[in-house]
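Open the model in your viewer and keep the selection tool at hand. The tour goes strand by strand, then to the ligand, then to a helix.

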Amino acid sequence: MKYPSRVMTIAGSASGGSAGIQADLKTFQELDVYGMSVVTAIVGRHPKTDKNVHPMTMEAIEAQFDTAMKQVGADALKTGMLFSTEVIERSAELIAKSGIEHIVVDPVMVGKLDSKLLADDAIEVLREKLIPHATIITPNMPEASVLLNDRPLKHVDDLKLAAVDLHTLGATYVLVKGGRLSGPAVDVLYDGKTITTFEAPRIDTVNTSGAGCSYSAAIAAYLAKGEPIEEAVRLAKSFVTTAIHYGFSYNDYVGPTYHAALGKFGEAHDIKVQSYEVK
Ligand code: PXL
């Protein structure tokens, strides 16, 4: 038997199960890769103190990484919520030393319910210490804007320019996600030479909590399985588009995407892919 490929996530725990580590592990399982996790912080709002981010110690973070690498090893790794400068710096060091082939950096900053998931002083270390180790970074429009010193981004053309400029930060690929565009959900990939756009239809739902986490987790899973980047992005976008299509909520809160939707209903969304070279 060929064993499943191995994927690790370094991210926050989202106790509601829609986002963070929970979304990553659900995605890994759906895509038949062996999932592992390093919890950086526990996110959950205390009803009395209102405290929402409960960080793990650096020792606990290092212990999780070391144990998973010794017991299993990894073909791909993704980072999600890292929160502090200290965790970003240490994660960058661990990643650099690990030799893991595929590194997906999701520069998580703010959650759908407005949870603050990155400290204010952490943007600079994210840019300078972590992003240069990335095979691919996957900012959404607000995150791309922050990484570009609050440049306004509105249209697909803005996303293309943003991808080109973000590429100078040192990731091999940049994927700027157009989930907040009006019209179709167009994501823009740039590798230093070629712009590739991935277009999915706009789905009319508010239940998209954890969509970004799940998308980057799916990219990591497909890279671990050996797909080339463009195909990994296309397959991951198809997976997450189907999960969004079947998004739901148990109450009035913004609800989760349905991670099992593709496996259960078998309806892979067609993603329109177009490429051209930038001169
Ligand atoms: O969706 C972004 C996100 C990432 N990681 C954690 C989160 C959230 C959103 O709430 O809680 C841990």
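**Starting at β1**

Strand β1 pairs with strand β4 (residues 76-79) through four bridges, and the two run parallel. This is a predicted model. Zoom in on Ile10: Thr79 is its bridge partner in β4.

Now select strand β2, residues 34-43. Eight bridges tie β2 to β1, again in parallel. Look for Ala14, which stands opposite Val43 of β2. Add helix α1, residues 20-30, to the selection. Together β1, α1 and β2 form a right-handed β-α-β unit.

Why is β1 largely enclosed by the rest of the structure? Eight of its nine residues are buried.

**On to the ligand**

Select the ligand and show the residues around it. They are Gly12, Ser13, Ala14, Ala19, Gly20, Val43, Met81, Val108, Gly111, Leu117 and Cys213. On its own the ligand exposes 310 Å², and the protein buries 89% of that. Ala14 and Val43, the pair facing each other across β1 and β2, both belong to this shell.

Which strand gives the most to the shell? Strand β1 (residues 6-14) does, with three residues. Color the shell by class: seven residues are nonpolar, four are polar and none is charged.

**Last stop: α8**

Select residues 229-245, helix α8. Its 17 residues reach 24 Å from first C-alpha to last, close to the 24 Å expected at 1.5 Å a residue. Is α8 mostly covered or mostly open? Mostly covered: 12 of the 17 residues are buried. Among them are Ile229, Val233, Phe239 and Ile244. Lys237 is also on the buried list.

Methods: Residues are numbered from 1 along each chain as its sequence is written. This is a predicted model: local features need pLDDT of at least 70, side-chain atom pairs count only at pLDDT 80 or more; totals for chains, interfaces and linings use all residues. Side-chain values use heavy atoms; hydrogens and water are left out. A residue is near a molecule or strand if one of its heavy atoms lies within 4 Å of it. Accessible areas come from the Shrake-Rupley method with a 1.4 Å probe; for residues, only the protein chains shown count as cover. Ala, Val, Leu, Ile, Met, Phe, Trp, Tyr, Cys and Pro count as nonpolar, Asp, Glu, Lys and Arg as charged, and the others, Gly among them, as polar. The expected span of a helix is 1.5 Å times one less than its number of residues. Buried means under 20% relative accessible area, exposed over 50%, partly exposed in between (1.4 Å probe, protein chains only). Two strands pair if DSSP finds at least two bridges between them. A crossover is right-handed if, with the strands pointing away from the viewer, the path from the first strand over the helix to the second runs clockwise.
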